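Got the model open in a viewer? Here is a short tour to read alongside it, one region at a time.

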Amino acid sequence: KRSTREWQQADAAHFLHPFTDFGALAKKGSRIITKAEGIYLWDSEGKKILDAMSGLWCVNVGYGQNSLVEAATRQMKELPFYNAFFQTATPPAIELAELLAEVTPPNFQHVFFAGSGSEGNDTVVRMVRRYWDILGQPERKVIISRKNGYHGSTMAGASLGGMSYMHAQGGLPIPDITHIDQPYWHEHGHGMDKAEFGKVAASWLEKRILEVGADKVAAFIGEPVQGAGGVIVPPATYWPEIQRICDKYGVLIVSDEVICGFGRTGNWFGCETQGFKPDLMTFAKGVTSGYIPLGGVMVGDRMAKVLIEQGGDFNHGYTYSGHPVASAVAVANIKLIQQLKLVEHVRDDVGPYLAQQFASLKDHPLVGDTETCGLMGAILLVKDKAKNTAFPAEIDIGMVCRGHCFGNGLIMRAVGDRMIIAPPLVMNRAQMDEMMSLIRRCLDLTLADATR
Ligand code: PLP
């Protein structure tokens with residue numbers, strides 16, 4: 001068995017980590033995560049860590065669920081791989097397609113499988129353009145997305161995403177993708193009433209549609225609740241107004257459900273929580289609770305009818321579209337979510353409890369605001385509550401807080417001055433109390449640093 005130091009040396013010598021300063025990490029050394037159970041991880045030093053990020057927003061059913069392991073083992077032995085290109089299909093992929101049609105909103109009866117959320121969103125770009133081509137409107141190819149949104153790391157995924165630091169590397173976005181501002185009240189609200197602000201933020205979409213020309217706009221894409229952007233929960237008025245605008249101009253709506261899907265927001269899908277009816281839904285992560293890679297796109301009836309009845313060949317797909325082992329794990333995962341009633345657990349029990357616990361954090365001198373939606377939450381750290389002033393960028397307050405979390409056995413992520421969580425949906429109230437006391441301790445330690 002290798003020591004932590006030996007793992008770190010081998011890691012630094014060969015492994016280029018995603019979204020990482022390679023040189024800095026090589027000097028510092030990775031934290032080596034070796035096992036997990038329920039909502040906890042252990043590192044190579046034997047330290048127990050409460051995983052308030054569900055891995056990377058994905059381990060919805062928690063770690064160590066045997067039914068998923070058994071599904072994978074059974075399928076690996078029986079048929080580890082077969083493709084879906086040769087007018088062929090495997091039972092697990094068919095069963096998963098059927099189950100997805102059952103748990104998604106009623107207008108979704110079809111699915112296109114991919115291997116990840118990024119591949120799902122690449123599929124979206126090609127599929128919406130194909131749809132308008134078939135309808136004889138090939139000039140409708142512009143996709144409107146949002147600044148600070150995250151839709152993946154492939155060329156199309158990173159272009160749809162609105163992270164300027166990603167666009168700066170690799171000459172993005174690709175053509176015909178344009179971004180509007182996000183519905184972030186603390187940045188753009190200027191003291192406005194939140195319900196009013198939701199409508200104002202949605203009106204930026206109409207403005208952009210008219211600038212581009214409605215006959216050139218193919219689709220609007222957004223996360224129901226922006227995740228990687230910092231858990232930005234839009235006012236309840238935002239999405240219904242987006243829906244009204246898209247309907248008015250015949251623009252397709254794509255809901256990126258990669259984080260919000262499979263119970264995270266207290267419904268099966270985030271669009272149900274936020275009150276809109278998309279034409280496409282991208283999913284990944286929670287579909288297998290991250291036990292194995294799988295993603296895809298749910299295709300609503302409006303588009304499916306055209307693609308199936310008039311489309312001809314759709315020249316797109318991945319070796320792993322409908323992978324039998326990944327599909328078998330997804331089926332076991334969805335059945336477990338149903339059996340454990342995790343959607344109801346989030347909606348009626350731990351979701352409201354988290355909202356209450358996060359609201360109580362507003363008493364803390366460092367906390368300017370908190371927001372939650374189901375089991376996603378954000379804590380905004382401010383320098384001066386009374387004046388609502390931010391910390392100067394050079395202090396990087398989020399990273400200071402994240403450091404204390406790491407040191408105290410808690411994984412919480414920092415996005416600028418927002419600390420964010422998305423714990424496993426299996427978390428119970430006692431575990432949430434434990435998480436909250438760790439969060440309070442880390443906020444106190446961060447405050448001590450900030451006032452030193
Ligand atoms: N879309 C959203 C909303 C995401 O949060 C992510 C990943 O975090 C993706 C797409 C990309 O998914 P993947 O990393 O599986 O390619």
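What follows goes through the ligand shell, the two sheets, three helix pairs and a couple of backbone oddities.

## Before you start

Keep in mind that this is a predicted model. The angles, distances and contacts below are computed from that prediction.

## Around the ligand

Start with the ligand. It has 15 residues around it, and the closest of them are Ser116, Gly117, Ser118, Gly152 and Val258. Which helix gives the most to this shell? That would be α6, spanning residues 117-134, which supplies three residues.

As for the chemistry of the shell, eight of its residues are polar, five are nonpolar and two are charged.

## The seven-stranded sheet

Next up is an open sheet with seven strands and mixed pairing. Walking across, you meet β4, β10, β9, β8, β7, β5 and β6, in that order. The two edges are β4 (108-114) and β6 (177-180), each of which has a pairing partner on one side only. On average, neighbouring strands here are turned by 25° against each other, if you ignore direction.

Zoom in on the β4 edge. How many bridges join β4 to β10? There are six, and the two strands run antiparallel, with β10 covering residues 295-300. One bridge to look for links Ala114 with its partner in β10, Gly295. As a reminder, strands of a sheet pair through backbone hydrogen bonds, either parallel or antiparallel.

## Helix α5, between the sheet and α14

Stay at that edge and look for helix α5, residues 91-103. It lies across β4 and β10, and it runs at about 135° to β4.

Helix α5 also packs with helix α14 (residues 324-339), at an angle of about 35° and with the axes 8 Å apart. The crossing of α5 past α14 is left-handed. On the α5 side the contact uses Pro92, Ala93, Glu95, Leu96, Leu99 and Val103, while α14 brings Pro324, Ser327, Ala328, Ala330, Val331 and Ile334. Sorted by class, that contact holds ten nonpolar residues, one polar and one charged.

## The α10 and α11 pair

Helices α10 (residues 194-212) and α11 (residues 238-249) pack at about 20°, with axes 8 Å apart. At that angle, α10 is therefore roughly parallel to α11. Here α10 passes α11 in a right-handed crossing.

Who touches whom? From α10 come Gly198, Lys199, Ala201, Ala202, Leu205, Glu206 and Ile209, and they meet Tyr238, Glu241, Ile242, Ile245 and Tyr249 of α11. The tally for this contact is eight nonpolar, three charged and one polar.

## The α16 and α17 pair

Now move along to helix α16 (residues 397-407) and helix α17 (residues 429-450). Their packing angle is about 130°, and their axes lie 9 Å apart. That angle is why α16 and α17 count as oblique to each other. The crossing of α16 past α17 is right-handed.

Helix α16 makes this contact with Ile397, Val400, Cys401, His404 and Cys405, and α17 with Cys442, Leu445, Thr446, Asp449 and Ala450. Of these residues, seven are nonpolar, two are polar and one is charged.

## The four-stranded sheet

There is also an open sheet of four strands, again with mixed pairing, and its order is β1-β2-β3-β13. Its edges are β1 (33-37) and β13 (410-411), and each of these pairs on one side only.

Strand β3 (residues 48-51) pairs with β13 in the parallel sense, over two bridges. To find one of them, look at Asp51, whose bridge partner in β13 is Ile411.

## Two backbone oddities

For background, most residues other than glycine have a negative phi, and most peptide bonds are trans. Two spots here go the other way.

Where is the cis peptide bond? It joins Leu172 and Pro173, with omega at about 0°. Pro173 sits in the loop between α8 (164-167) and β6, and β6 is one of the edge strands of the seven-stranded sheet.

The other spot is Ser54, which is not a glycine yet has a positive phi of about 45°. Ser54 lies in helix α3, residues 54-57.

Conventions:
Residues are numbered from 1 along each chain as its sequence is written. This is a predicted model: local features need pLDDT of at least 70, side-chain atom pairs count only at pLDDT 80 or more; totals for chains, interfaces and linings use all residues. A residue is near a molecule or strand if its C-beta atom, placed from the backbone, lies within 6 Å of it. Ala, Val, Leu, Ile, Met, Phe, Trp, Tyr, Cys and Pro count as nonpolar, Asp, Glu, Lys and Arg as charged, and the others, Gly among them, as polar. Axes are lines fitted to C-alpha atoms, for helices over the stretch in contact, and angles run from 0 to 180 degrees between N-to-C directions. Angles under 35 degrees count as roughly parallel, over 145 as roughly antiparallel, 65 to 115 as roughly perpendicular and the rest as oblique. A crossing is left-handed if the near helix is turned anticlockwise from the far one by less than a right angle, and right-handed if clockwise. Two residues are in contact if their C-beta atoms, placed from the backbone, lie within 7 Å. Two strands pair if DSSP finds at least two bridges between them.
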